[in-house]
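Here is a walk through one model, with an eye on charges, cysteines, backbone angles and packing. Have the coordinates open and follow along.

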Amino acid sequence: MKNIEILAPAGSLEGLYAALRMGADAVYVGTHKFGARAYADNPSVEELTEALTFAHLRKKKIYLTVNTLLNDRELEHELFPIIRPLYEAGLDACIVQDMGVLSFLHENFPGMELHASTQMTLFTGEEAEILRPFGVTRYVPARELTIEEIRQARRQTDMEIEVFVHGALCYCYSGQCLMSEVIGGRSGNRGMCAQPCRLTYRIGQRSGSFLSTKDICTLPFIPDLVEAGIDSFKIEGRMKKMEYSAYTAYLYRYYTDFYLEEGRERFAELVENKESSLWRDYRRSQDLYNRGGFSGGFLFEKNKENTVYPEKNGHFGTPAGEVIYAGGGKTKFLAWEKLYPQDVLEFRNEDGSPAYEYTVKEGKKTGDIVETRVKRGSHIYPKQKVYRTKNAMLLSRIRTQIKKAVRAYPLQGTLKGELNQPVKLIITGNEVEACTEGDILEKAKNYPITEEDIEIRLNKLGDTEYRFSALNIDIPEGAFLPLGGLKKLRRQAVQKWEQAAVSRRTARKKPVSFAEETEEKKGNVLPLISVASLPQLKAAVSGVKNDVIFHLKLEDIPSEDWEEAAAILKGKACAVSFPRILRGAGRLCFEEEWRTRGQRLKELPMAAVIINSPAMLLYARKWWKDTLWYGEENLYMENRMARAAYASLGIYPAPTRVYGRTAVMVTENCVRRTLGQCRKQGDSLELITPKGDEFVVVNHCKYCYNTIYAKKSVKSPDRAVGKRLDFTWETPDEVRKVIQKWNF
């Protein structure tokens, strides 16, 4: 079987080196701008340039995250000077969300691989192929896919596939979330997510972290991941500590190699034995970080509710004991696990909230009774559970393991010279030789230089992580060299060897000129009225006075109403959009409904088709080749390069929304199902944040996803040709009033 890449997060320079030393084949990392984790301790461009040399000498790779949306100024003036030195230093790939960034990098940095981020919400190999003309060689499918959907995607494309196998999940389909921006003005698509998934929400009389997903761990499923044809196992966690990145990289490298070398049967023995090393390491990784325990993620969980843990939104820790006595400011608990000095324990209430935190002073064995004082007023009671949220010994062992993993790179050196000629230092390594000249070798007047003097100076390689495995000295006796000159010669020689040993590229000094934004449209730009129900359509048709395009949002309008909608729209300009999420059973359901009940809609002369997903583009290519294609807001045309890139696909910006509600999340998880209230029919419920922000969850049960809207409608500035009214759950009277107000 092919080798599998283990791809680890690097939220800091320290984490980058630790992950590569501990088993990662590659790391993904941001720099000071344009990465999706703006608050990580991101390395500088200069530090990353040095890290690329370190990585490439060890046959490792570094991918730069450029996975945010950029404006024109940033794209035209700021991105190029960041990428250029890294490109010249051999940057292996950029991970990209913005179509404008993708197009820009493809034009300006030939030969550098481009990876389509999970924020592009790609489900199939066919959808990924849309991006091949833009230089994409690898894509990260949506994290909501099942392992069977990954297998199907593998059969549809020979692009590399990178899949998240460990760490946190967003509640929303990545890239489809605007909630952080709506709540606090911090856009996740600009790298500043405020983690609204982890807030405590109120629904009716209930409160909880209803959008907080468990972390995933797929260690027990490695054979299935490999056999699905995945090329890269990606670990989430650029906001987590260095120890997390290093240790998880080590675990996935070790157990993937174990399976590749030993086979499925031997791996199954590890999985079946709950006392095996695999389950021991599984529990240790929980000690590092988990939310509500681990899940198999959407890849392997059959029930979606198993991916959510609404009781607690931070590090869950691991069960470590149970209270057996509480009173008089003291408590005793039975230790379920071996405890170490500086472990942090949390006495936890039944609702998951912390009652008391305790730092272990002395180590204890499993089964010991631990007695400690507690702060008066703390809610401690018998049978209360105690959780460990910091395993001090595990962290110490990982740090020790990282130090042991430091391996100085072996070089061979030869110093040779003749009297009255410059001395030469020849360095060989990685099948590359570099020669550097130093000071002139003179006949000594007093104290000739010795081989020992030379060896001491040349072997002082400092923190460069190089060592001479062999050092030959070939100079005549009685010669003299300045000792300080030897240090300089050594430094220059190593630098020259590095330049020769690691491949470099030459970039342009300035970016190529930007593609001119095209304003071409196929047909006249008419105002757009988007409706989500048959009553809304009837009210809109009866209320308009001018020429408009009536847009049917088929994710909302029941299929039994399609035929009547087609009859109402006969002779009028119309447009359609399919459900935004089309995959799995939901896709099969919609395609069957479209085949059996959508014939009348197919026969309508479409004035436009609304492209709201890569899948919708494929359908438009199949049925509406000669129709105007409008890009929905979630396609993000934030800069003119993005608009030009979409125009090359035949997609143009839709008329600007001047009335409507913002869709802040599109989710695979169902809030109602998390509450145990699944009704298998489209309805809605309200979410309220601690600050009083109100949202409405709309269920698209037939197609198995939810859309969360800001409850209040908003008016957008008129920045484009044409206007759009976008209705969600308005009554017919409300529809007519809005149409009248905007003089449609």
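Which residue forms a salt bridge with D281? The partner is R280, and the closest N and O atoms of the two are 3.3 Å apart. A salt bridge here is a side-chain nitrogen of Lys or Arg within 4 Å of a carboxyl oxygen of Asp or Glu.

A quick word on the ground rules. This is a predicted model, with residues numbered from 1 along each chain as its sequence is written. Local features need pLDDT of at least 70, side-chain atom pairs count only at pLDDT 80 or more, totals for chains, interfaces and linings use all residues, and side-chain values use heavy atoms, with hydrogens and water left out.

**Charged pairs**

By the salt-bridge rule the count comes to 53. Burial is set by relative accessible area: buried means under 20%, exposed over 50%, and partly exposed in between (1.4 Å probe, protein chains only). Three of the pairs are set out below.

| Pair | Closest N and O atoms | Acid, relative accessible area | Base, relative accessible area |
|---|---|---|---|
| E262 and R266 | 3.7 Å | E262, 39% | R266, 36% |
| D281 and R280 | 3.3 Å | D281, 4% | R280, 37% |
| E346 and R348 | 2.8 Å | E346, 8% | R348, 4% |

So E346 is buried, and R348 is buried too. Elsewhere, salt bridges that share partners join E5, R138, E160, E162 and K234 into one network. In the D281 pair, D281 is buried, whereas R280 counts as partly exposed. For the remaining pair, both E262 and R266 count as partly exposed.

Now for an arginine without such a partner. R143 is found in the loop between β6 (136-139) and α6 (147-156); helices (H or I, at least four residues) and strands (E, at least two) are DSSP runs, numbered from the N terminus. R143 is buried yet has no salt bridge, and the nearest side chain of opposite charge, E236, is 5.9 Å away. For that search Lys and Arg count as positive and Asp and Glu as negative, while His and the chain ends are not counted.

What does the side chain of R143 make a polar contact with? It is the side chain of S174, at 2.9 Å. A polar contact is a pair of N or O atoms within 3.5 Å; within protein, one must be able to donate a hydrogen and the other to accept it, and residues adjacent in sequence count only if both atoms are side-chain atoms. Leaving out residues up to four places away in sequence, R143 touches T118, F164, A168, L169, C170, S174, E236 and F298, where contact means heavy atoms within 4.5 Å.

**Cysteines**

The structure holds zero disulfides, a disulfide being a pair of cysteine sulfur atoms within 2.5 Å. Take C193: its sulfur is 6.1 Å from the closest cysteine sulfur, in C177, so that is too far for a bond. C193 is partly exposed at 34%, whereas C574 is buried at 1%.

**Positive phi**

Most residues other than glycine have a negative phi, and most peptide bonds are trans. T121 has a phi near 55° and is placed in the loop between β5 (113-116) and α5 (125-129). At 7% relative accessibility, T121 counts as buried. C704 also has a positive phi, of about 65°, and is found in the loop between β34 (694-700) and β35 (705-710). C704 counts as partly exposed at 35%.

**Helix α21 and the cores**

Helix α21 (residues 640-648) is mostly covered, with eight of its nine residues buried. Among them are R640, R643 and Y646. The buried residues of α21 pack against α3 (72-88), α4 (99-108) and β30 (651-653). At the N-terminal end of α21, N639 acts as the cap: a side-chain oxygen lies 3.3 Å from the backbone nitrogen of M641. Just after α21, G650 takes a positive phi of about 90°.

A nonpolar core is a set of buried Ala, Val, Leu, Ile, Met, Phe, Trp, Tyr and Cys residues joined through side-chain atoms within 4.5 Å. The largest one has 152 residues, and I83 and I529 have the most contacts inside it. Helix α9 (residues 242-262) gives the most to this core, with ten residues. Apart from this core lies another, of 28 residues, among them L471, A479, L489 and V502. As for I529, its contacts beyond four places in sequence include V544, F550, L725 and F744.
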